[in-house]
Amino acid sequence: MTTVEAVLGGAMAETRPRRKTRRGRTLILRLIDVTAAGAALIFFLPTLILIALAVRAQDGGSALFRQQRIGQGGRPFACLKFRSMVPDAERRLADVADQEWAERRKLRQDPRVTPLGRLLRLSSLDELPQLLNVLAGDMSLVGPRPIVAEERALYGRRFAAYCLMRPGLTGLWQVSGRNDVSYPRRVAMDVWLSRNLTIRTYLLLLARTIPAVLGRKGVY
């Protein structure tokens with residue numbers, strides 16, 4: 001059984017919907033995005049405020065971290081997160097990057113991550129501000145994980161498929177082990193999702209996100 005089949009509960013035939021069908025699906029998914037993201041922001045508002053105050057209190061730095069990511073159509077956008085690293089993390093990257101970073105764009109033991117930041121990452125609470133990206137139309141609740149410009153070369157000719165849809169808060173990679181998944185497999189998942197996303201798949205991935213977050217597999 002392939003990774004896609006395992007995640008989605010059985011064989012999933014690739015779909016090539018007609019243009020009118022794709023338009024209707026896109027409108028429905030956008031409506032779900034806006035409604036669900038708006039409701040989630042209201043529900044999590046006290047949590048968002050408390051986290052922002054805690055992040056600022058630890059070192060006086062900004063509560064939010066903005067990073068340029070590549071969105072739908074290859075357009076850049078400012079992806080939001082609660083800051084989980086020391087304020088000068090970008091400058092320190094060259095001192096800590098190694099082969100693991102080159103292969104996965106992630107470090108298991110990153111000395112730049114603060115104690116509070118580690119807790120936020122383990123609980124995925126650091127990504128709550130991306131609900132604002134969803135409302136703004138830069139992201140969707142479900143889609144490929146947004147990449148930085150340096151990762152474009154890792155997608156090669158498959159980058160065009162990545163650009164077909166908005167990047168997502170969750171997706172196949174996020175519910176399949178996240179950072180334990182090799183980068184080539186992650187690319188394959190993103191390409192499959194961008195070409196085959198249906199309303200059913202969208203809802204299945206949303207439902208599987210909660211146990212994936214609670215299980216914390218591949219989170220570091």
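The second largest pocket in this predicted model encloses about 690 Å³ of space, and I would like to begin there before turning to the nonpolar cores. Its lining is made up of 21 residues, and those nearest the centre of the pocket are Leu 128, Leu 169, Thr 209, Ile 210 and Val 213. If we sort the lining by class, we find 14 nonpolar residues, together with five polar and two charged ones.

Which elements supply at least two residues each to this lining? They are helix H2, running from 19 to 59, strand E4, at 168-170, and helix H10, at 199-215; of the elements, H10 gives the most, with six residues.

Let me move on to the packing. In soluble globular proteins, nonpolar side chains tend to be buried together. Here the largest nonpolar core has 30 residues, and Leu 131, Leu 141, Val 142, Leu 193 and Leu 197 are the ones with the most contacts inside it. Two or more residues of this core come from each of H2, strand E2 (76-82), helix H6 (130-136), strand E3 (140-142), helix H9 (183-196) and H10, with H2 providing the largest share, namely seven residues.

To take one residue of that core as an example, Leu 193, once residues up to four places away in sequence are set aside, touches Val 142, Gly 143, Pro 144, Met 165, Gly 171, Leu 172, Thr 201 and Leu 205. There is also a second core, separate from the one just described, which has ten residues, among them Ile 70, Ile 147, Ala 161 and Val 187.

Finally, please note that H2 and H10 appear in both parts of this talk, as contributors to the pocket lining and to the largest nonpolar core.

Technical notes:
Residues numbered from 1 in each chain as written. Predicted model: local features only at pLDDT ≥ 70, side-chain atom pairs only at ≥ 80, totals over all residues. Heavy atoms only, no water. 1 Å grid on protein atoms, 1.4 Å probe; cavity = no way out; pocket = protein on both sides within 12 Å on 5 of 7 lines; lining within 4 Å. Points joined across faces, edges and corners; volume = space filled by probe spheres on them. Helix = DSSP H or I, 4+ residues; strand = E, 2+ residues; numbered from the N terminus. Nonpolar A, V, L, I, M, F, W, Y, C, P; charged D, E, K, R; others polar. Core = buried A, V, L, I, M, F, W, Y, C linked by side-chain atoms within 4.5 Å. Buried < 20%, exposed > 50% of the residue type's maximum accessible area, 1.4 Å probe, protein only. Contact = heavy atoms within 4.5 Å.
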